[in-house]
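Trainee: Could you take me through a close look at one part of this model? I'd like to see how that part compares with the rest of the chain.

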Amino acid sequence: MTITYSCVANGRAVLAELALTGGSYQEAVATVLKLVLLRAEPKTIMQMGSFVYHTLFIDGITYLCATDNALDTITPSAFLKNMKYNKNQENTPISTLRSQVTDVKNIMSQNIDEILESENRLSIFTDRTNDLQTTAKESQKTRKALRRMWWKHFRKVIIITVAILLSIIIILLSTKVIPT
């Protein structure tokens, strides 16, 4: 008996696979994974075509192998248990992939945090800019009001000065101090 195909899947997504012989296993494996998920049984054996598919389903992870002999169930079971017990090795492609995915998730989380901080700072900056614009408009209105008041005061000073000068001229003319 030969194990011709094996894979590890998370749900219906094949994470790693190895085919020792030619052939298309993808369609049959997709069907088997679907049935394993529906049944949610720890061990299943299914025959499809000329191959027998043995599965071990633990914590959402499916360990699957295909054999060409329907009578032998000991070898595939031992093979699947070996796959299961070797899943925590540090140098396996899956653990490397998980580590890389974790690193990418951490980097993405940091980037999202930085974007949120930038958005917060931008919001504060926008609020300050709006406050400055409001203050500038108010200052401009105040300057215009002060300028109007200054001109009113200046006109009054001019009118009073002209009135005083005219009064002085009239007094001087009436006293005949100024020769005409």
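Mentor: Let's begin with Arg128, which sits in helix H3. Before going on, keep in mind that this is a predicted model. Is Arg128 buried or exposed? Arg128 has a relative accessible area of 56%, and since anything over 50% counts as exposed, Arg128 is exposed. Now look for Leu80, 48 residues away from Arg128 along the chain. How far apart are the C-alpha atoms of Arg128 and Leu80? They are separated by 64 Å. You can try a similar check with Thr129 and Gly11: these two are 118 residues apart in sequence, and their C-alpha atoms are 52 Å apart in space.

Stay with helix H3 for a moment. This helix covers residues 93-174, and Lys144 is found in it. Lys144 has a relative accessible area of 44%, so it counts as partly exposed. Lys144 also belongs to a positive surface patch, and its partners there are Arg143, Arg147, Arg148, Lys152, Arg155 and Lys156. Try colouring those residues and you'll have the patch in view.

Next comes a patch of another kind, a nonpolar one of about 860 Å². Which residues make this nonpolar surface patch? They are Trp150, Trp151, Phe154, Ile158, Val162, Leu166, Ile169, Ile170 and Leu173. Pick out Ile169, which also has its place in helix H3. With a relative accessible area of 43%, Ile169 is partly exposed.

Now let's go back to Leu80 and see what touches it. Two residues in strand S4 do: His54 and Thr55. Strand S4 runs over residues 51-58, and His54 has its place there. His54 has a relative accessible area of just 2%, and because buried means under 20%, His54 is buried. Leaving aside residues up to four places away in sequence, His54 touches Thr44, Ile45, Tyr63, Leu64, Cys65, Thr67, Asp72, Thr73, Pro76 and Leu80.

Thr55 lies in strand S4 too, and at a relative accessible area of 3% it is buried. With the same sequence neighbours left out, Thr55 touches Val32, Val36, Pro42, Lys43, Thr44, Thr62, Tyr63, Leu64 and Leu80. Compare the two lists and you'll find Thr44, Tyr63, Leu64 and Leu80 in both.

Let's finish with some loops. Between S4 and strand S5 (61-67) you'll find Asp59. Asp59 has a positive phi of about 50°, although it is not a glycine. At 72% relative accessibility, Asp59 counts as exposed. Ala40 is also no glycine, yet its phi is positive, at about 55°. You'll find Ala40 in the loop between helix H1 (26-39) and strand S3 (43-48), and at 47% relative accessibility it counts as partly exposed.

And where is Gly11, the residue we paired with Thr129? Gly11 has its place in the loop between strand S1 (3-10) and strand S2 (13-19). Although it is in a loop, Gly11 is buried, with a relative accessible area of 16%. Beyond its neighbours up to four places away in sequence, Gly11 touches Leu33, Leu37 and Gly60.

Conventions: Residues numbered from 1 in each chain as written. Predicted model: local features only at pLDDT ≥ 70, side-chain atom pairs only at ≥ 80, totals over all residues. Heavy atoms only, no water. Patch = residues over 30% accessible without salt bridge, like charges linked within 9 Å, V, L, I, M, F, W, Y side chains within 5 Å. Areas by Shrake-Rupley, 256 points an atom, 1.4 Å probe, with all protein chains shown as cover. Salt bridge = Lys/Arg side-chain N within 4 Å of Asp/Glu carboxyl O. Lys, Arg positive; Asp, Glu negative; His and termini not counted. Charge placed at Lys NZ, Arg CZ, Asp CG, Glu CD. Helix = DSSP H or I, 4+ residues; strand = E, 2+ residues; numbered from the N terminus. Buried < 20%, exposed > 50% of the residue type's maximum accessible area, 1.4 Å probe, protein only. Contact = heavy atoms within 4.5 Å.
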